[in-house]
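Notebook open, structure loaded. I want to see what holds this fold together and what sits on its surface.

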Amino acid sequence: MTLEAAAPPPPGGAGPHHPAGPTAEEFTSVQHSPDFAELRGSYRSFAFPLTVAFLAWYLLYVLLSNYAGGFMGTRLFGNINVALVLGLGQFATTFLIAWLYSRHAAAKLDPKASAIKARMEAGE
């Protein structure tokens, strides 16, 4: 039994209208388009505030660890103290941000990027 697969597409996004792929001028043109600006704005409006918030949260944790030892050593129950809970909160926050970004990208970024890519491959 022989299975034949279609040949993979050529590198560089080459398609029927672009045998060698889009040119540098076409990439520059797309970069200056309103659609690309909207895509970039959508990414930045999500990524930048969350990055600043997470870095502030992390810096707060580090500062509390260095300068508020008594507070961080406060036992909440058993051998669990404030420092451990906040440290585990850092991990939870990291996974939460990754999940939120995944949802944002799938809902807002990927459709816009796919539309731009399709237009470039069609030679528009």
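**Entry 1: a first pair.** I began with R119 and D35, whose side chains form a salt bridge with N and O 2.4 Å apart. R119 belongs to helix α4 (residues 82-122) and D35 to helix α2 (residues 34-67), so this pair ties together parts that are 84 residues apart in sequence. I checked how open the two ends are. R119 comes out partly exposed at 31% relative accessibility, and D35 is also partly exposed, at 35%. Note to self: this is a predicted model, so every number here is computed from predicted coordinates.

**Entry 2: how many salt bridges are there in the whole structure?** I ran the search over everything and got three. Next on my list was E38 with K112, where the closest N and O atoms are 3.4 Å apart. E38 is in helix α2 and K112 in helix α4, so the pair links parts 74 residues apart in sequence. I looked up accessibility for both ends again. E38 is partly exposed with a relative accessible area of 45%; K112 is partly exposed too, at 24%.

Then I pulled up E121 and K117, whose side chains meet in a salt bridge at 3.8 Å, N to O. That one sits inside helix α4: the two residues are four apart, which means about one helical turn between them. E121 is partly exposed at 31%. With a cut-off of 4 Å for a salt bridge, the 3.8 Å of E121 and K117 still counts.

**Entry 3: α2 against α4.** Both R119–D35 and E38–K112 run between α2 and α4, so I went to the helix pair itself. What do I need to describe two packed helices? The angle between their axes and the distance between the axes. For α2 and α4, the axes come within 10 Å and cross at roughly 175 degrees. Angles over 145 degrees count as roughly antiparallel, so α2 is roughly antiparallel to α4.

I also sorted the residues of this contact by type. The tally for α2 with α4 is 18 nonpolar, seven polar and five charged.

**Entry 4: other spots on α4.** I looked for places where residues distant in sequence sit together in space. T94, a residue of helix α4, has its C-alpha 8.2 Å from that of F54, with their positions 40 residues apart in sequence. T94 is partly exposed, at 41% relative accessibility.

M120 is another α4 residue I looked up. Buried or exposed? Buried, at 12% relative accessible area, where the cut-off for buried is under 20%. Its C-alpha is 8.0 Å from the C-alpha of V30, though M120 and V30 are 90 residues apart along the chain.

**Entry 5: greasy surface.** Which residues make up the nonpolar patch on the surface? I get L84, L88, F91 and F95, with about 460 Å² of accessible area together. I picked L88 for a closer look. L88 is in helix α4, and at 51% relative accessibility it counts as exposed, the threshold being over 50%. I'd call that one a marginal pass: 51% for L88 against a cut-off of over 50%.

**Entry 6: stepping back.** I left the overall layout for the end. The protein chain has four helices and two strands, and along the sequence they follow the pattern α-α-α-β-β-α. Of the 124 residues in the chain, 19% are buried; M120 is one of the buried residues.

**Recap for the next session.** α2 and α4 run roughly antiparallel, with salt bridges R119–D35 and E38–K112 between them. E121–K117 stays within α4. The nonpolar patch, L88 included, is on the surface.

Notes
Residues are numbered from 1 along each chain as its sequence is written. This is a predicted model: local features need pLDDT of at least 70, side-chain atom pairs count only at pLDDT 80 or more; totals for chains, interfaces and linings use all residues. Side-chain values use heavy atoms; hydrogens and water are left out. Buried means under 20% relative accessible area, exposed over 50%, partly exposed in between (1.4 Å probe, protein chains only). Axes are lines fitted to C-alpha atoms, for helices over the stretch in contact, and angles run from 0 to 180 degrees between N-to-C directions. Angles under 35 degrees count as roughly parallel, over 145 as roughly antiparallel, 65 to 115 as roughly perpendicular and the rest as oblique. Ala, Val, Leu, Ile, Met, Phe, Trp, Tyr, Cys and Pro count as nonpolar, Asp, Glu, Lys and Arg as charged, and the others, Gly among them, as polar. Patches are made of residues with over 30% relative accessible area and no salt bridge: like charges are joined within 9 Å, nonpolar side chains (Val, Leu, Ile, Met, Phe, Trp, Tyr) within 5 Å. Accessible areas come from the Shrake-Rupley method with a 1.4 Å probe; for residues, only the protein chains shown count as cover.
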